[in-house]
Structure formats: structure tokens, C-alpha cells
Amino acid sequence: MSERPNKLFLLELNEFSLSLVREAAASLSLPGFETILGFKESTTSTADTNENLLLDPWVQWVSVHTGQPASTHGVRHLGEPPQETHKQIWDLLAEQGKTVGVWGALNAVSRSPENTAFFVPDPWTFSEQASPKKLNGFVELPRYAARNYLKLSVPALLRGGLKFLVNIASFSNAFKVMKMAPALLWRIMNHPFKAYPYFTLAEYLAGRACLKEFKKSQPDFTLLFANSLAHVQHYYWKARPVHRIPEICFVLRVMDELIREILDTLPEGTTFVVANGLSQRNASHDEPWVMYRQIDHKRVLNALKVSVESIEPLMTHDAHLFFSSTEKAAHAFKTLSEVKVLDEPLFYVEKVTPTRLFYRIAFTKPLPTEATFESEENDFLFSDYFKTIVQRTGVHIQRGTLFCNEAIFPGKLKNHEIYHALSRFFEKGGRSYAGQDKAS
């Protein structure tokens with residue numbers, strides 16, 4: 001077997017539905033996705049079944065990154081890094097002398113700076129900063145938006161946007177970006193108050209920046225995470241042909257452009273892997289599952305007389321709460337656990353440490369306009385404190401898909417086994433998986 005570069009590029013295209021991508025590739029002319037669909041295909045899976053506790057991307061990607069199932073690594077929430085004893089795949093490779101680059105991986109931390117060519121954290125792991133420091137401009141804007149989703153400040157947006165644009169100006173080919181401008185403007189005109197066109201473009205531009213860093217440093221292992229497709233599947237996946245769902249079509253076309261640029265950038269012989277971590281199924285015909293979000297976490301907590309030292313909001317309807325004493329944390333746990341709406345618990349609350357709680361909205365049924373939520377002392381108008389985000393159209397499933405242009409994975413594997421396959425790839429100098437002839 002001839003020698004080839006022992007380099008691997010992993011695109012984590014979060015939660016993409018294989019059936020949706022196949023339909024789109026056939027109907028929308030998506031050459032990037034068509035190329036990926038021609039790769040070796042493997043089916044991935046997890047034993048975890050409980051959505052909102054374990055069957056979530058911030059849990060399943062940690063399994064991929066650490067080689068440990070959720071029952072072992074113990075991570076449950078967004079923004080919660082794995083323990084140091086559970087080495088992430090880039091930690092392991094860096095210790096072996098390999099160079100690594102990581103961009104946007106969920107719940108990721110950087111622990112081997114000497115062999116890290118670049119590292120950009122996700123917006124929710126607030127303890128982490130980018131390396132080199134100049135890449136923090138790609139973190140500040142999405143991090144601010146994540147923390148202030150429903151109460152955005154125009155000055156703060158302008159400051160973060162300016163930093164983001166300054167970074168983009170130094171990383172992106174302006175001509176290629178301008179080619180996308182008409183489609184982006186059309187989407188904004190049709191959905192001026194929707195988030196997906198903005199963060200899809202931001203994700204694409206960040207991906208281009210990742211590719212520029214890749215070309216400059218040529219890491220042995222590179223990881224790029226993208227979430228836009230997962231978002232529009234959750235929000236807009238109506239029961240109709242994909243070419244009649246403009247939001248999903250827009251994201252698929254942008255992601256296809258990014259995939260083509262990755263394919264054009266990778267040196268010949270580089271192993272290219274595309275994985276989704278887990279997938280979604282269409283939920284259009286399910287019982288309504290409504291997602292609500294706190295308009296202002298602090299205002300909700302004040303109304304309930306919960307004294308909190310600091311709040312770290314997460315992706316949608318949840319947050320980490322920090323307290324100055326165990327007594328205040330215990331009081332908050334009791335108070336939040338007892339809040340009801342339509343005689344059902346409003347919140348799920350979990351003790352993380354003696355002075356730290358995780359809480360999220362657990363209630364998902366449709367509510368009448370005048371609905372209230374009740375604490376031990378008072379009733380409050382629900383719509384004064386919470387906003388309806390979406391009636392979900394895509395729900396998580398246990399199965400996922402992995403594509404690779406080389407035969408390095410078996411036809412079926414658990415999420416945490418992806419880690420071990422990647423480790424073997426580098427141990428064997430890029431040699432193929434012996435049993436791959438039984439794959440798809």
C-alpha cells in the first residue's frame with residue numbers, strides 16, 4: 001500500500017438527517033453533499049434514550065471526543081467540559097506529538113497548547129478562550145448572542161459584529177463571500193427577525209477562517225463543528241418535500257458551499273470524515289412539543305425570590321446558576337422545583353455542586369394566552385416572563401451516520417467507538433480498517 005499523508009479532517013455536521021440530505025442532493029444540485037454521499041458509509045448509535053438528559057449533542061459529541069459512553073464521562077449539560085481523566089481525542093494525539101486544530105467542538109477544552117495549532121471553543125463553554133488570541137473575535141459575537149438571545153443590545157451587537165467583521169476581513173475571500181450576498185439578503189427580507197440566516201452565514205465564514213488556519217499550519221488532526229442544519233431541522237422541518245422548505249434549502253446550500261471549499265482545500269491523500277453525532281426524525285405529526293424560553297433569567301429568578309450570584313445562560317431555555325452559599329443554592333433548588341404551570345412542574349432542576357444548579361424549562365405543552373405559573377407565594381402571567389420559541393419539528397434519535405473517503409471505520413459502531421477508530425488511524429499511520437469491506 002502506497003504511503004499517504006497521515007492527516008485527518010473531521011467535519012462535525014451536527015444532527016443532519018441522512019434521508020433529508022439524500023433527498024436534497026437529488027433535488028437541489030448539491031455537489032458537495034453528492035461527493036460526501038459517495039464516501040464509505042457507517043451507521044453510528046448510542047444506548048442513550050432520554051432527550052434533554054442524555055440524547056443531546058453536547059452529551060453525544062463528548063462521547064465521540066473522549067471514547068467514553070455518557071454513563072462513564074458523566075457530562076450532562078452544555079458548557080460542561082469532560083473531566084481531565086477523560087482525554088479528548090485531540091489531547092491524546094497532542095500527547096503523541098501530533099499537531100491538532102479544533103474549531104467549535106461542543107464542550108471542548110484545550111489542554112495541550114504546545115501542539116495545538118489553533119483552538120476555538122463553542123459559544124457556551126464560557127471558561128475557554130481561543131488560541132491564538134486573535135481568533136477570539138470569532139467567539140465574542142456568538143457568545144454574546146447565546147447569553148442574550150431575547151434581550152440583545154444594539155451597541156453590544158455592533159461591537160461584537162465589528163470584531164467579527166475585522167476577523168472575517170483578514171480570513172475570507174471577499175469575492176466568494178459576495179457571491180452569497182443575494183441569497184442572504186433574500187432570506188433576511190423574507191424572514192427579517194429570524195436568526196438562522198445570520199448565524200448560518202457566520203458559521204460559513206468561521207468555517208472559511210478555520211480552513212485558512214488549516215492551510216497555514218497543516219495540523220495532523222483538524223475538527224470543525226457546524227450546527228446550522230440541526231437548528232433548521234428542529235425549527236422548520238415541515239412534512240413536505242425539502243425543495244419546498246426554503247429555510248432548510250438555504251442552509252443546505254450554504255453548507256454545500258463549505259463542504260466544497262473543504263474538499264478543494266484538503267491536500268491530496270487527506271482523510272476526510274463527516275459525522276452527525278446523532279440524527280433527527282421529522283416530528284410534524286407528533287403531539288405538539290413547544291419550546292419556551294426565559295425572556296430574562298434574572299427577572300424570573302427575582303420574581304421567585306431566588307437570590308443568585310451569577311447566571312450562565314445556555315443554548316435556549318436553560319442555564320447554570322451560581323450561588324454565594326449552599327443555603328441559597330438549597331433554597332433555590334426547592335423553590336424552582338416546586339413552580340407549577342397547569343399543575344405540572346415548570347422547571348427541571350439539578351444540583352451540579354453545593355453552590356451551583358442547572359435548570360431548564362421542562363414544560364412543553366401548548367398554553368392559553370392567559371396561562372399563569374405558580375410559586376408557593378404568588379401567581380404570575382406566563383407570557384410576562386417567557387416567550388414561545390418554536391413548536392419543534394425535528395426530534396433526536398439514537399442513530400447517526402458517518403461518511404469517510406477512506407476505509408477506516410467499521411460499518412456499525414457506537415458513538416464513543418469513533419474515538420478509538422481515530423486513535424487507531426494515527427497509530428497505524430493511516431492504514432485502513434481491516435473489516436471495512438462489510439460496511440455499506
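The legends below describe close-up views of charged side chains in a predicted model. Residues are numbered from 1 along each chain as its sequence is written, and side-chain values use heavy atoms, with hydrogens and water left out. Because the model is predicted, local features need pLDDT of at least 70 and side-chain atom pairs count only at pLDDT 80 or more, whereas totals for chains, interfaces and linings use all residues.

**View A. R208 and E261 form a salt bridge between two helices.** The closest N and O atoms of R208 and E261 are 2.3 Å apart, where a salt bridge is a side-chain nitrogen of Lys or Arg within 4 Å of a carboxyl oxygen of Asp or Glu. Since R208 lies in helix α10 and E261 in helix α12 (residues 246-265), the pair ties together parts that are 53 residues apart in sequence; helices are DSSP runs of H or I with at least four residues, strands are runs of E with at least two, and both are numbered from the N terminus. R208 is buried at a relative accessible area of 10%, and E261 is likewise buried, at 6%, with buried meaning under 20% relative accessible area, exposed over 50% and partly exposed in between (1.4 Å probe, protein chains only).

**View B. K134 and E213 are joined by a salt bridge.** The closest N and O atoms of this pair are 3.8 Å apart. The pair links distant parts of the chain, 79 residues apart, with K134 in the loop between β4 (116-120) and α6 (137-147) and E213 in helix α10. K134 is partly exposed, at 42% relative accessibility, whereas E213 is buried, at 2%.

**View C. K334 and E338 meet in a salt bridge within helix α14.** The N to O distance of this salt bridge is 3.1 Å. The two residues are four apart in helix α14 (residues 326-338), and are therefore separated by about one helical turn. Both partners are partly exposed, K334 with a relative accessible area of 46% and E338 with one of 37%.

**View D. A positive surface patch includes K194.** The patch is formed by K194, K238, R240, R244 and K387; patches are made of residues with over 30% relative accessible area and no salt bridge, like charges being joined within 9 Å and nonpolar side chains (Val, Leu, Ile, Met, Phe, Trp, Tyr) within 5 Å. K194 is placed in the loop between α9 (181-190) and α10 (196-217), and is partly exposed, with a relative accessible area of 37%.

How values were computed
Areas by Shrake-Rupley, 256 points an atom, 1.4 Å probe, with all protein chains shown as cover. Lys, Arg positive; Asp, Glu negative; His and termini not counted. Charge placed at Lys NZ, Arg CZ, Asp CG, Glu CD.
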